[in-house]
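The following exercises ask you to read geometry and contacts from a pair of chains. Work through each task before turning to its solution.

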Amino acid sequence: MIAFVATLLMGIAWWEFGPRTPDSWTEAELIEIRSLSLRRLPELPADPSNGVADDPRAASLGHKLFFDTRLSANGAVSCATCHKPEQRFTDGLAKGRGIALSQRNTRSIVGTAYSPWQYWDGRKDSQWSQALSPLEDPAEHGSNRLELARLLATDVSLKTEYEAIFGPLPNFTDTTRFPDRASPIGSEELGTAWESMIDSDRGVVNTAFANLGKAIAAYERMLQPGPTRFDNYVAEIEQGLDSSSLSDEEIIGLQLFVSDARCTECHNGPLFTNNEFHNTGVLSFPGDHPDRGRIDGLKQLLADPFNCKGEYSNDPLHQCDELTYVRTGIELIGATRTPSLRNLGGTAPYSHKGQHATLAEVIDLYNRAPLAMIGHNEVEEKLGLSRRERKQLEAFLIALDAPIAADPKWLKAPE
Amino acid sequence: MRSSTFILLLVLITASAIAPAEENSSERWQTRSGYYWVSFTSDLEPLEINRIHRWVFHIEDESGAAIDNAEISLLGGMPEHNHGLPTIPHMTESLGNGDYSVEGMRFHMNGYWELTVTVDVSDRRDIVVIPLTIS
């Protein structure tokens with residue numbers, strides 16, 4: 001009996017702690033692995049809705065605006081308050097905190113120029129349109145579009161740069177036409193002031209506001225993920241070299257990633273995301289109602305005057321394929337957008353409300369595949385990974401970190 | 001039940017009853033009742049995930065003659081994953097010579113897909129399931 005127990009314990013110990021060598025790759029696995037490499041990342045897609053997306057002058061102005069705390073009601077919040085360059089443009093918090101606590105976890109903006117949708121619920125369809133939303137959110141910047149437009153028109157430096165790109169700004173000093181503060185979003189006071197303005201003046205303000213977002217987007221397009229140890233590993237195996245970039249444990253984690261753990265069903269392509277919406281049974285944030293996710297985000301997107309088909313889009317044809325052929329349906333209830341896994345290790349907590357403090361907790365979620373609190377969990381089968389396999393998968397995910405591929409000047413506040 | 005949901009279910013049930021044609025056995029597929037032949041080309045070649053693009057379907061009758069007055073609709077999904085396409089593609093134009101533009105195609109996952117194509121010509125509707133593996 002003792003011998004039996006001892007043998008059993010030794011077997012368990014070997015399984016958990018013994019050396020293990022990765023299996024050789026199958027052809028199907030190699031195809032999948034290559035498809036994840038940063039070298040397969042296509043050229044940055046054009047954004048026809050933003051006429052200055054690739055204008056370096058707009059990127060320079062956007063850089064200044066991104067770090068400018070005057071774009072907030074209390075003069076203390078900028079985009080960089082939550083999108084901190086030193087934290088891969090996230091904030092390390094469960095939910096973002098600007099003027100107050102926001103509703104969701106701050107996503108990184110690195111590589112988002114590749115995504116047809118922005119935010120966890122995809123309620124925005126461009127970087128420039130996304131950039132506008134926090135500015136008027138009472139919990140984030142808490143500002144309003146009229147004050148922001150006036151800032152552009154009164155700050156000499158901003159005005160000069162803005163007008164060189166977008167043309168002359170109107171004079172917002174006529175208080176009979178332009179109240180101190182106004183917006184269709186936010187408090188009743190802001191709304192009443194907005195309604196008091198004539199249509200053409202509202203359009204003038206909206207145009208300046210949209211252009212502000214377009215400049216910020218031109219800056220954000222500069223922020224792309226850099227090559228990781230995983231990408232080096234793919235290059236090594238493609239050249240038939242002995243791999244030294246990943247450890248054996250990480251390679252086994254990669255094997256799990258592309259096979260038994262089924263991660264590439266959603267975390268696919270060079271950015272490790274399909275940028276689509278999935279309900280994976282993430283529990284609600286304590287005290288919050290279950291998040292309806294994409295089903296509500298889509299409604300907001302379709303009603304948004306700053307979407308790709310709106311009058312502030314620069315796409316003359318308003319082709320907007322993604323918006324035109326957008327999917328609807330009950331499977332979008334509780335669905336949130338697949339996050340990229342690049343730079344994952346430094347961007348905890350995870351999930352749309354930061355429900356998971358660690359990667360181990362996220363992996364455990366898929367291992368358990370719980371019933372969704374709202375809608376239907378697409379992950380119907382538990383992964384059934386052992387503790388060791390979960391550790392190996394986590395080790396691989398952490399290996400997806402690398403410095404951002406951008407000129408260092410973009411990664412700090414402008415001089 | 002909303003009518004769109006009912007129609008979707010009806011199509012899915014119908015589609016599930018049809019065994020897909022053998023994959024890659026041919027570049028064209030015959031519809032279930034044999035009325036039409038369906039083939040397609042893609043603006044994105046080879047096919048890859050996460051990129052929206054256009055397909056051109058070509059429709060012929062049983063004798064191989066091009067049909068120009070068809071209406072095409074399409075539903076796609078992954079049977080193994082119980083989900084559909086991430087977009088709702090639809091026919092945008094009849095190009096002549098039996099060709100039809102279908103825009104909004106996008107796949108968001110590698111693996112085995114089935115595309116259920118319905119061809120309507122006057123009162124003759126027929127359906128075919130096209131198997132497709134994206135890798």
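**Exercise 1.** How are H11(A) and H15(A) oriented to each other, roughly parallel or roughly perpendicular? Treat the coordinates as a predicted model throughout.

*Solution.* Begin with the general point that two packed helices are described by the angle between their axes and the distance between the axes. For helix H11 (residues 248–258) and helix H15 (residues 387–398) of chain A, the axes come within 7 Å and cross at roughly 100 degrees. Angles of 65 to 115 degrees count as roughly perpendicular, and H11(A) and H15(A) are therefore roughly perpendicular to each other. The next step is to list the residues that make the contact: H11(A) contributes A:Glu249, A:Glu250, A:Ile252, A:Gly253, A:Leu254, A:Leu256 and A:Phe257, while H15(A) contributes A:Glu389, A:Gln392, A:Leu393, A:Ala395 and A:Phe396. Sorted by class, the contact of H11(A) with H15(A) has 7 nonpolar, 2 polar and 3 charged residues.

**Exercise 2.** Describe the overall build of chain A, and decide how its radius of gyration stands against the globule rule.

*Solution.* Start from the secondary structure, which in chain A comes to 15 helices and 2 strands. The radius of gyration of chain A is 24 Å, close to the 22 Å that the globule rule gives for 415 residues, so chain A is as compact as a globular protein of that length. Taken along the principal axes, the box filled by the C-alpha atoms of chain A is roughly 95 × 45 × 40 Å. Burial can then be added to the description, since 46% of the 415 residues of chain A count as buried. Finally, consider the contacts in chain A between residues at least 6 apart in sequence, of which 72% join residues at least 24 apart.

**Exercise 3.** Is A:Leu317 buried or exposed?

*Solution.* First locate the residue: A:Leu317 lies in the loop between helix H12 (294–302) and helix H13 (321–324) of chain A. Then count its neighbours, bearing in mind that a residue is exposed if 12 or fewer other C-beta atoms lie within 10 Å of its own. A:Leu317 has 6 other C-beta atoms within 10 Å and is therefore exposed.

**Exercise 4.** Establish the strand order of the open sheet in chain B that contains E4, and identify the strands at its edges.

*Solution.* Take the pairings of E4(B) one at a time. Strand E4 (residues 70–78) is joined to strand E8 (residues 111–121) of chain B by 8 bridges, and the two run antiparallel. Within this pairing B:Gly76 stands opposite B:Leu115, and B:Leu75 stands opposite B:Thr116. Another 2 bridges join E4(B) to strand E5 (residues 83–84) of chain B, again antiparallel, with B:Gly84 as the bridge partner of B:Gly77. E4(B) and E5(B) form a hairpin with 4 residues between them, and B:Asn82 in the turn has a positive phi of about 60 degrees. The open sheet has 4 strands in the order E5-E4-E8-E9 (chain B), with antiparallel pairing. E5 and strand E9 (124–134) of chain B each have a single partner strand, so they stand at the edges, with one side of each left without a neighbour in the sheet.

Terms used:
Residues numbered from 1 in each chain as written. Chains lettered and ligands numbered in written order. Predicted model: local features only at pLDDT ≥ 70, side-chain atom pairs only at ≥ 80, totals over all residues. Axes fitted to C-alpha atoms, helices over the stretch in contact; angles between N-to-C directions. Parallel < 35°, antiparallel > 145°, perpendicular 65-115°, else oblique. Contact = placed C-beta atoms within 7 Å. Nonpolar A, V, L, I, M, F, W, Y, C, P; charged D, E, K, R; others polar. Rg over C-alpha atoms; globule rule 2.2 N^0.38 Å. Buried ≥ 20, exposed ≤ 12 C-beta atoms within 10 Å, placed from the backbone. Pairing = 2+ DSSP bridges.
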